[in-house]
Amino acid sequence: MSSVLAPLPVLLPLLGAAGALLLAHHPRAQRALSLLVLAAVVGVSFTLLFMADAHGATAVAVGGWPVPLGIVLVVDRLSALMLVVASTVALGVLVFAVGQGSADRDEDTPLSIFHPTYLVLVAGVSNAFLAGDLFNLYVGFEILLMASYVLLTLGGTAPRIRGGITYVIVSLTSSLLFLAAIGLVYAATGTVNMADLAVRLADLPEGTQVLLQSMLLIAFGIKAAVFPLSAWLPDSYPTAPAPVTAVFAGLLTKVGVYAIIRTQTLLFPGGALDDLLMWAALATMVIGILGAVAQTDLRRLLSFTLVSHIGYMVFGIALGTTAGLAGAIFYVAHHIAIQTTLFLVAGLVERQGGTTSIDRLGGLARRSPLLAVLFFVPAMNLAGIPPLSGFIGKLGLLQAGVADGGALAYTLVAGGVVTSLLTLVAIARVWTRAFWRPPTQAPVDDTAAAAAAAAGPAGHAPDAAGPADGELSARQVAWRRHARVATAADPDIAPAAGAVRALRPLPRTMVAATAALVAVTVALTGVAGFLYGLADRAAGDAVERTPYVESVFDGPAAGDAR
């Protein structure tokens, strides 16, 4: 059964992308097809997870080529869990994007482009999780990266193009390094199959092993935004449309983390670079969260927290123990859901308040209590407030660090505690300023005020003296369309405050999609025992390595090849 289902998380989105292109002039059918495809991927992923947990790892030789010559897809507990979480949040983000497209009439995200590209991105992520050889892992990265280049620059605005250029240059550098590492691995061992490499790499000289490990770690560290290779992320992600930023933040860096887990445990189990990884984890946590505390824009703040919390995952990997790896796997699953949800909430905040600048927002809790709840729950989860899943994941990692007993591990434990406290400080600042502070105390938004003045009285077209849309920036045009000039009837938003606030009701589909993902983040706490047990079993398999190797050489893949 697994041999039939394993290719589907890759095949279904690719076929769906082709169908979405054919339906480019039929928006409703295109939306329905995209949602149906991702719903099917979610169902297949849950089935694969159930089977992997019940029966162990399974490998599929695509095309019937003999192992290790052909492409092999491997479904074990780790890859299946990543598939489940990734496909679930991808479906939630797609529903959000459909709601946004309907509300905005697809002005910022052209429907004919977005849906097929988004499905290709999901196919690339799925392929990376299932890849049983380094070159197919590289192909998965390239598929998702090519799709991400398009999604990042949707709309063609100057900030998106600038962010896209940075992202493309960094991604191509990482890909070239990864490809060079693959070439060296093949030259040294004669194979790129990871199960085969698990056996052959041990015969290489130690210096050669360290060189290959270093090149792969640098390539994956760039993709995962591990310090000092993370400077590109806060300048790239916040410029994209809200659903694109959300799926990028939730998934793309975690594919890099997954690649680090897979290669460190399967190919280089000796721990030669574990101390270096620990220092990188500490720097990623502390420097990332210090950057977040310094931000005044919600999206940039979340981007820096994204970088910071990658450090927790690298910490668990660097410990090299089953407990540490289990904590890292649990935290990856938790963080995918939390970070995606928070970026969707940021999109709703921008829609409601007209900006993501914390200093220009105020009173959101009174105006939209539901939006306040949607932000508060995942924000507290990110900060690690008990008994939420963020607290459980951090506690597991800190316990694993204490169990290690080394001075460096204790330093990481202290860094993790400080990072968690500073995360709470950053989140609390957003809450007190954007949601709790009365809007009359917010500083004047000159851009919004200018645009509102050009728009004229509420409900009326701009007068003849006002500038035309072509003379305004994109932000000002958005305010002209959506903002409402405050009236004396509402003293909280009186003209004397100098600020303009968007008072439109939020689109129901966007709110429903965000609320569903918030429910998923809460559900992670409810099933934390089962999920942590699954992560522990996945970590045990990864550390042992035998289940993975045997699934490739002694399982259905080898039998099919014969």
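Two rings of Phe, Tyr or Trp, the last taken by its six-membered ring, form a pair if their centres lie within 6.5 Å. The exercises below apply this rule and others to a predicted model.

**Exercise 1. Aromatic pairs**

Determine how many aromatic pairs the rule yields, and classify the pair of Phe-376 and Trp-431.

*Solution.*
1. Applied to the model, the rule gives a count of 17 aromatic pairs.
2. For Phe-376 and Trp-431, the ring centres are 5.2 Å apart and the planes stand at 55°. Planes under 30 degrees apart count as stacked and those over 60 as edge-to-face, with the rest tilted; the pair is therefore tilted.
3. The two residues belong to distant parts of the chain: Phe-376 lies in helix α16 (residues 369–383) and Trp-431 in helix α18, with their positions 55 residues apart.
4. Phe-376 has a relative accessible area of 37%, so this residue is partly exposed.
5. Ring pairs also join Phe-135, Tyr-138, Phe-141, Phe-178 and Phe-220 into a cluster.

**Exercise 2. Helices α13 and α18**

Describe how helix α13 packs against helix α18, and state which residues meet.

*Solution.*
1. Helix α13 spans residues 298–319 and helix α18 residues 407–436; their axes are 11 Å apart, at an angle of about 160°.
2. Because angles over 145 degrees count as roughly antiparallel, α13 is roughly antiparallel to α18.
3. The crossing of these two helices, α13 and α18, is left-handed.
4. On the α13 side, the contact includes Leu-298, His-309, Tyr-312 and Phe-315; on the α18 side, the residues met include Leu-412, Gly-416, Thr-423 and Arg-429.
5. Sorted by class, the contact of α13 with α18 comprises 10 nonpolar, six polar and one charged residues.

**Exercise 3. Helices α3 and α4**

Carry out the analysis for α3 and α4: what is their relative direction, and what is the handedness of their crossing?

*Solution.*
1. Helix α3 covers residues 27–55 and helix α4 residues 77–104; their axes come within 8 Å and cross at roughly 160°.
2. The helices α3 and α4 are therefore roughly antiparallel to each other.
3. Their crossing is left-handed.
4. The contact of α3 with α4 contains 18 nonpolar, five polar and three charged residues.

**Exercise 4. The chain as a whole**

Summarise the secondary structure, burial and contact range of the chain.

*Solution.*
1. The chain contains 24 helices and two strands.
2. Of its 562 residues, 59% are buried.
3. Among contacts with a separation of 6 or more, 80% come from residues 24 or more positions apart.

Conventions: Residues are numbered from 1 along each chain as its sequence is written. This is a predicted model: local features need pLDDT of at least 70, side-chain atom pairs count only at pLDDT 80 or more; totals for chains, interfaces and linings use all residues. Side-chain values use heavy atoms; hydrogens and water are left out. Axes are lines fitted to C-alpha atoms, for helices over the stretch in contact, and angles run from 0 to 180 degrees between N-to-C directions. Helices (H or I, at least four residues) and strands (E, at least two) are DSSP runs, numbered from the N terminus. Angles under 35 degrees count as roughly parallel, over 145 as roughly antiparallel, 65 to 115 as roughly perpendicular and the rest as oblique. A crossing is left-handed if the near helix is turned anticlockwise from the far one by less than a right angle, and right-handed if clockwise. Contact means heavy atoms within 4.5 Å. Ala, Val, Leu, Ile, Met, Phe, Trp, Tyr, Cys and Pro count as nonpolar, Asp, Glu, Lys and Arg as charged, and the others, Gly among them, as polar. Buried means under 20% relative accessible area, exposed over 50%, partly exposed in between (1.4 Å probe, protein chains only).
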